[in-house]
Amino acid sequence: QVQLVESGGGLVQPGGSLRLSCTASGRTPSFYLMGWYRQAPGKQRELVATMPSGGRTNYADSVKGRFTISRDNAKNTVYLQMNSLKPEDTAVYYCKAVTWGAAENWGKGTLVTVSS
């Protein structure tokens, strides 16, 4: 079984930066896609950024130019560099990894709070 563990969340001031990491453990097949989603209180989970294997990255309009997704396949890790953070970025951020067999794996989430 694949387990995804996120790290790097915390409290940051508006305009600050954080880098989230998500590492797969256990049985770790190659992933077709890895990405990040987030869910703010009272709102539905939404896509933040995804990165297919060897493919084109995809970002939500709200984070374009501020967030950068990257992968280190040798470490089974995906990162999300978040710059120029805004209060509206406050949410629980979830890691997602999809195998070539279309199986979806989710982490338990890490909380990002942007506040003065």
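Here is a quick tour of a four-stranded sheet, a nonpolar core and a disulfide in this structure. You're looking at a predicted model, where local features need pLDDT of at least 70, side-chain atom pairs count only at pLDDT 80 or more, and totals for chains, interfaces and linings use all residues. Residues are numbered from 1 along each chain as its sequence is written, and side-chain values use heavy atoms, with hydrogens and water left out.

**The sheet**

- Four strands line up as β1-β3-β8-β7 in an open, antiparallel sheet; strands here are DSSP runs (E, at least two residues), numbered from the N terminus, and two of them pair if DSSP finds at least two bridges between them.
- β1 and β7 (67-72) sit at the edges with a single partner strand each, so one side of each has no neighbour in the sheet.
- On average, neighbouring strands of this sheet are turned by 15° against each other, direction ignored (axes are lines fitted to C-alpha atoms, and angles run from 0 to 180 degrees between N-to-C directions).
- β1 (residues 2-7) is joined to β3 (residues 18-26) by six bridges, running antiparallel, and here glutamate 6 stands opposite cysteine 22.
- β3 also pairs with β8 (residues 77-82) over six antiparallel bridges, with leucine 18 partnered by methionine 82.

**Two faces of β1**

- In a regular strand the side chains alternate between the two faces of the sheet.
- In β1, Val2, Leu4 and Glu6 make up the covered face, while Gln3, Val5 and Ser7 make up the uncovered one.

**The core**

- The largest nonpolar core has 28 residues, and Trp36, Val48, Phe67, Leu80, Met82 and Tyr93 have the most contacts inside it.
- Such a core is a set of buried Ala, Val, Leu, Ile, Met, Phe, Trp, Tyr and Cys residues joined through side-chain atoms within 4.5 Å; buried means under 20% relative accessible area (1.4 Å probe, protein chains only).
- Leaving aside neighbours within four places in sequence, tyrosine 93 is in contact (heavy atoms within 4.5 Å) with residues including Trp36, Val48, Phe67, Leu80 and Met82.

**The disulfide**

- A disulfide is a covalent bond between the sulfur atoms of two cysteines.
- Counting cysteine sulfur pairs within 2.5 Å gives one disulfide.
- Cysteine 22 and cysteine 95 form it, with their sulfur atoms 2.1 Å apart.
- The pair links distant parts of the chain, with cysteine 22 in β3 and cysteine 95 in β9, 73 residues apart.
- The torsion about their S-S bond is about -85°, so the disulfide is left-handed.
- Both cysteine 22 and cysteine 95 are buried.

Technical notes: Buried < 20%, exposed > 50% of the residue type's maximum accessible area, 1.4 Å probe, protein only.
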